[in-house]
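Hi,

Here is the structure I said I would pass on to you. Have a look at it first, and my notes follow underneath.

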Amino acid sequence: MTNAEKKKVIIVGAGDGGIILSHRIKKDFDVTLIDKSTMHYFQPWQLHIAFSGAKEKKIEKRKLIPRGAKFINKEVKKVDLANRKVVLDGEELSYDYLVVDTGSRGDYSKIPGHQELFNEFGDFHSNTEAAERLWSKVKSFSGGDAVIGISYPTYKCPPSPDEAAFLFEEYINKHKLKQKTKIMFITPFPRAYPAEQMNEIVEQTMKERNIEIFTFFDVESIDTKNRIINSIEGDKLHYDFAAIVPPHRGAGIVEGFSDDDGFVKTDKFKLNIGDYDDAYCMGDATNIPTSKSAVTAHLESKVIRDRLLGIDSRFNGRTHCPFEFGYRKATFVIGSYDDPVVKLKPSTFMYLMKMGMKYMAWQVIRNQMEWFLEPYFKMTDPKKLSKKNK
Amino acid sequence: MADENKKIIDARGSSCPGPIVELSKAYREAKVGDILEVWSTDPGIKADAQAWASKTKNQILEIKEENGVIKVTIKVLNR
């Protein structure tokens with residue numbers, strides 16, 4: 001088929017999911033990706049920029065997108081599902097199929113005082129400069145109250161707040177500041193890690209490392225003058241150091257199908273938007289009840305590819321979130337809609353795998369690692385791992 | 001009971017991280033006197049909602065199960 005004969009797919013947002021999807025469908029469809037950014041960042045590395053002074057990992061999106069697919073470096077203002085159009089500044093583009101991959105980002109306006117806190121401390125959920133700002137605070141920390149955790153229940157990378165607490169504890173331990181420091185982990189959830197099975201390991205580790213856990217702590221406001229974080233439940237915590245995961249929002253460009261936080265109301269199995277069988281959403285942009293992570297987008301891209309080809313594939317909510325525990329140990333949070341999370345003890349082997357992902361990141365997005373990932377995801381199916389654990 | 005202060009939180013099918021997320025978000029917007037009713041298919045909601053109510057000093061009015069859906073009705077006393 002020539003490009004003129006192929007159906008046209010527009011992918012709004014050239015994120016991890018959108019780019020790998022473009023590779024999966026490039027032979028069968030005329031693909032256009034639209035993104036307001038030209039650079040692609042390996043976001044998991046922000047954790048290491050912030051807690052060990054690592055350098056950012058980035059690449060131009062054009063180097064990841066397949067030859068033959070078009071890339072438009074512009075911002076999409078909204079999508080018109082009824083008329084199958086994508087609206088940019090001064091132009092409209094028609095599509096046969098649409099895939100929304102606009103991601104999620106921090107919203108510092110939601111909690112009073114958060115913008116001021118962010119201006120001073122940065123964080124590891126936005127950009128390189130913010131992560132470097134946080135690293136400078138880590139380096140200059142000389143003891144006191146450290147508050148680390150979650151400000152709002154929707155955010156990307158579920159293990160990341162706990163990872164931050166573990167890496168910070170490792171840092172202060174190595175720099176002999178532990179005696180002078182109180183680490184407080186805050187979360188709006190009933191437990192230190194949302195998934196019960198993994199929480200057993202997380203809570204035990206936090207207790208062993210003297211990280212105090214504050215559950216049901218919904219951040220209401222941040223008083224940056226007196227350095228107090230206030231919760232809706234009436235608790236107040238003083239901080240000398242703060243590493244807070246911000247509330248996250250979606251882009252809100254799909255009118256009529258965005259929830260209060262701007263995420264797209266998406267079918268959790270078929271990944272389509274509303275009743276439209278020609279419009280899909282993937283990655284962080286959806287409102288589906290699974291982790292916001294690149295692994296999710298990766299697995300969703302297979303389902304969307306199949307569905308675009310007329311195959312009734314369904315997403316099963318599979319998660320596989322890498323989770324560092326500090327001291328060169330890590331685990332993965334592996335579950336699905338039907339399977340509870342596997343209780344997998346952290347190991348050095350899994351830590352090496354997590355670190356190794358950094359070096360494979362671009363090949364994964366170019367769909368060059370399927371020879372490894374396909375059998376890997378099968379071998380680590382939560383049903384199989386749960387049986388082994390028994 | 002005045003229904004105009006009642007908010008239904010439909011968290012059916014949500015299990016990661018679970019219906020407690022939706023309850024937490026709804027509580028953020030709630031006022032004293034509001035009724036929050038959480039609908040969930042996750043059996044963990046019973047224990048989580050009770051722990052939440054105890055911590056936040058709000059009141060569970062009723063927990064019932066209908067056709068596989070657990071409905072937890074909460075009165076906001078503290079906000």
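**Helix α4 of chain A**

In α4(A), the buried residues (under 20% relative accessible area with a 1.4 Å probe, protein chains only; exposed is over 50% and partly exposed lies in between) are Thr128(A), Ala130(A), Ala131(A), Leu134(A), Trp135(A) and Val138(A). Looking down the axis of α4(A), these buried residues fall within an arc of 165°, so they line one face of the helix; the arc is taken over the directions from the helix axis to the C-beta atoms. On the other side of α4(A) you'll find Lys139(A) and Ser140(A), which are exposed.

Before going on, a word on the ground rules. This is a predicted model, where local features need pLDDT of at least 70 and side-chain atom pairs count only at pLDDT 80 or more, while totals for chains, interfaces and linings use all residues. Residues are numbered from 1 along each chain as its sequence is written, chains are lettered from A and ligands numbered from 1 in the order in which they are written, and side-chain values use heavy atoms, with hydrogens and water left out.

Back to α4(A): the helix covers residues 128–140, and its 13 residues reach 18 Å from first C-alpha to last, close to the 18 Å expected at 1.5 Å a residue (that is, 1.5 Å times one less than the number of residues). Helices (H or I, at least four residues) and strands (E, at least two) are DSSP runs, numbered from the N terminus. What do the buried residues of α4(A) pack against? Their partners in chain A are β3 (39–41), α2 (46–52), α3 (114–121), α5 (160–174) and β17 (241–245), with contact meaning heavy atoms within 4.5 Å.

**Other things I found**

Chain A splits into domain 1 (8–104 + 250–389) and domain 2 (108–247), with bounds from an automatic or database domain assignment. Their C-alpha centres lie 26 Å apart, and 35 residues of domain 1 of chain A are in contact with 40 residues of domain 2 of chain A.

Two residues other than glycine have a positive phi, one in each of the chains mentioned here. Cys157(A), with phi near 70°, sits in the loop between β11 (144–150) and α5 of chain A and is partly exposed at 27% relative accessible area. Lys57(B), at about 60°, is in the loop between α2 (45–56) and β3 (59–66) of chain B, and counts as exposed with 60% relative accessibility.

Cheers
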